[in-house]
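Hi there,

Here's the structure I promised you. Have a look at it first, and then read on for what I found.

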Amino acid sequence: MATLGVVPSVPATGGDAATPRPAGEHDVNRKRLARLGWSFSTPAFLVIGAFTIFPIGFSVAMSLSHVNVSGSGFSLNGFTGSNYSTLVHAPQWRYALGFTVVYTIVTVLVEVILGTCIALVLERLTKGRGLMMALLLVPWSMITVISAELWGYIYDASYGVLDQIFHAVGLGQPIFLGTPTPAIVAMMVADIWKTTPFVAIIVLAGLVMLPEELYEASEMDGASGWTTFWRVTFPLLRPTIALAVLFRVLQAFGLFDLPFVLTQGGPGYSTTSLAVLGYQVMFQDLNFGPGAAVATSTAVLVLIGCLLFLKVFRAQVGEEGS
Amino acid sequence: MARTRARKGWHRYLNGVTVSTTAVAIFVLLPIYWLIVTSFKTPGAVGDNPPQYFPNPLSLTNYQVAFSQYTFGRYIVNSAVIAVIATFLVLGIGTIAGYALGRLPMRGKYPILLVLLMISVFPEVAVVAPLYLLLRDIGWLDSYQALVFPYTAFNLPFAIWILRNYMLGIPKEMEETARIDGASPLKTVWSVILPQALPGLFTAGIFTFTACWTEFLMALTFNSSNNYRTIPVGIALFGSQFTVPYGTIFAASVVSVVPIAVLVLVFRKSVVSGLTSGAVKG
């Protein structure tokens with residue numbers, strides 16, 4: 001923190017402020033710097049444009065065309081809305097949409113509540129907090145495919161360890177991945193194991209940055225721990241939690257690796273997310289038009305969700321969040 | 001920590017905080033324990049019912065199978081080459097772009113930054129099909145560049161954001177001095193800006209590397225031939241449709257989790273700052 005008045009403040013937009021110079025020279029300098037800026041960003045724009053923006057546009061075009069794919073090439077044969085109407089009338093797509101939405105809401109909700117609780121506990125830990133942080137980073141950095149295989153082994157019907165544990169405590173021998181509802185719950189647990197630490201770390205870092213004095217004031221007022229949390233901690237923490245929610249919702253909505261490896265979307269299509277459905281339609285059925293429609297509609301939904309969230313979030317935290 | 005009350009006697013060791021911390025640690029650790037332990041069982045014991053909770057005897061057979069019967073060494077090399085090249089590309093391109101968008105008076109840079117942010121959250125499934133057709137047409141399927149360039153493009157936006165935020169905090173005067181001394185713009189970035197933005201480079205680097213190391217969908221779609229499989233694809237495609245060789249899978253998993261875990265643990269400060277402030281500020 002700079003002492004007020006001693007250190008000259010640095011404008012946020014760095015380059016806009018220049019040391020006092022004659023007006024003409026300043027303008028020339030500014031133009032030169034702007035040109036430099038564009039040439040410095042060109043490589044980034046080229047790579048991003050070619051490998052993300054162009055394919056996104058192409059995906060939209062594909063979803064609105066009759067697509068012909070053969071061994072040697074592909075062609076778009078005229079405009080059509082049929083890909084989307086196929087989608088709306090397909091029970092698989094409607095199921096995948098519902099499944100993805102419910103899955104996202106449940107996992108993110110559990111992860112945020114659990115993650116916040118863990119962060120609150122760890123913040124009070126006097127010794128070994130660094131160690132716990134390190135431990136929490138391990139599931140986060142793990143390849144999702146690996147965690148999916150690991151949970152597949154844990155849930156296995158014939159030699160899974162969880163089966164043994166359930167049997168030992170007298171809960172029978174449930175089939176985890178063979179029936180729809182247990183399979184969905186099992187997948188959520190695997191997801192929660194891998195991503196709750198991520199939420200906990202974000203919230204913990206936010207907690208540590210909160211000013212200490214507020215707690216002292218609240219304690220002196222005789223507020224209970226519960227009141228302090230809801231009245232002091234939570235409102236201040238809201239931007240951090242909102243950020244974690246945003247990250248997680250976006251990630252969960254693109255859910256692919258976990259169902260693809262753990263359940264292959266089954267049993268039936270009970271764990272088929274939008275991304276898995278899109279992949280299957282495109283690369284297993286080689287139906288690129290409807291596949292692109294699945295992919296594009298997923299992206300559009302993410303975008304709408306993102307914008308809505310930012311709007312609510314801005315309204316809640318005011319200038320702080322912008 | 002003003003809020004931590006001084007505790008006396010056994011309460012110092014056994015209280016709500018330590019008990020819940022231990023519970024969390026166990027929940028996180030148990031599956032990891034199971035992963036490691038299973039990898040050291042004999043292939044026959046992997047399917048035991050009831051399972052061995054401690055491997056007896058300890059065996060390295062699964063590791064041998066992963067590297068001899070399956071070509072897991074090949075997958076590690078592929079993942080490493082692709083992740084390292086993509087990370088360096090992202091840092092190189094991202095640094096100058098972050099500098100430009102952070103410190104140079106470009107018109108319309110805020111809309112650009114917003115577009116970048118949107119791209120970084122776009123679901124991958126929306127681009128795999130067109131990218132697949134594009135890569136097929138230029139003959140890049142099953143090659144390193146088939147993943148290096150998409151990974152670079154997808155990780156650049158976040159890296160640019162992080163680097164830009166770090167660069168906003170560098171005092172203007174340092175740059176001015178270099179300019180007056182007659183240093184070229186690139187030299188200014190290299191000798192003045194880069195040393196100051198080093199923490200940002202670490203954060204962006206670790207995030208990019210981790211993302212490349214763990215990415216599955218594009219790797220599965222573009223590089224499915226055995227010679228160009230990365231670790232996640234290799235692990236997912238081990239075995240056949242009917243038998244899953246868990247012992248081999250877990251041996252391979254342990255080998256591929258270790259480098260990234262070490263990296264993340266060593267640089268955990270950068271990771272945490274990237275997860276939080278780096279992404280929100282600005």
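How far apart do the C-alpha centres of domain 1 of chain A and domain 2 of chain A lie? The answer is 33 Å. Before going on, keep in mind that this is a predicted model.

Let's stay with chain A for a bit. Domain 1 covers 20-79 and domain 2 covers 92-321. Where the two touch, eight residues come from domain 1 of chain A and seven residues from domain 2 of chain A. On the domain 1 side of that contact, two elements give two or more residues each: helix 1 (23-63) and strand 1 (65-69) of chain A. If you sort that same side by class, you get four nonpolar and four polar residues, with no charged ones.

Now for the overall fold of chain A. You'll find 12 helices and two strands in it. Going along the sequence, the pattern is α-β-β-α-α-α-α-α-α-α-α-α-α-α, so to speak a handy map to keep beside the picture. Chain A has 322 residues, and 37% of them count as buried. Take the contacts in chain A with a separation of 6 or more: 64% of those are between residues 24 or more positions apart.

The strands are worth zooming in on. Strand 1 and strand 2 of chain A run antiparallel and are joined by four bridges. To find the pairing on your screen, look for Val67(A), which stands opposite Leu76(A) in strand 2 of chain A. Is strand 2 (residues 74-79) of chain A well covered or hardly covered? Hardly covered: it has six residues, and the count of buried ones is zero.

On to chain B. This chain has 14 helices and zero strands, which you can read off its run of elements from the N terminus, α-α-α-α-α-α-α-α-α-α-α-α-α-α. Of its 282 residues, 46% are buried. Among contacts in chain B with a separation of 6 or more, residues 24 or more positions apart make up 75%.

What about its dimensions? The C-alpha trace of chain B spans about 75 × 70 × 30 Å along its principal axes. Its radius of gyration is 24 Å, whereas a compact globule of 282 residues would have one near 19 Å.

Next, how do the chains meet? On one side there are 85 residues of chain B, in contact with 86 residues of chain A. Helix 1 (residues 16-39) of chain B gives the most to the chain B side, with 11 residues. By class, that side of chain B has 62 nonpolar, 15 polar and eight charged residues.

Last, the inside. How many residues does the largest nonpolar core have? It has 147, and the residues with the most contacts inside it are Leu156(B), Ala159(B) and Ile160(B). Helix 6 (residues 145-168) of chain B brings the largest share of this core, 15 residues. Try clicking on Ala159(B): leaving out residues up to four places away in sequence, it touches Val90(B), Leu91(B), Gly94(B), Ala204(B) and Thr208(B).

If you only have a few minutes, I'd start with the two antiparallel strands of chain A and then move over to Ala159(B) and its neighbours.

Cheers

Technical notes
Residues numbered from 1 in each chain as written. Chains lettered and ligands numbered in written order. Predicted model: local features only at pLDDT ≥ 70, side-chain atom pairs only at ≥ 80, totals over all residues. Nonpolar A, V, L, I, M, F, W, Y, C, P; charged D, E, K, R; others polar. Core = buried A, V, L, I, M, F, W, Y, C linked by C-beta atoms within 7 Å. Buried ≥ 20, exposed ≤ 12 C-beta atoms within 10 Å, placed from the backbone. Domains from an automatic or database assignment. Pairing = 2+ DSSP bridges. Rg over C-alpha atoms; globule rule 2.2 N^0.38 Å.
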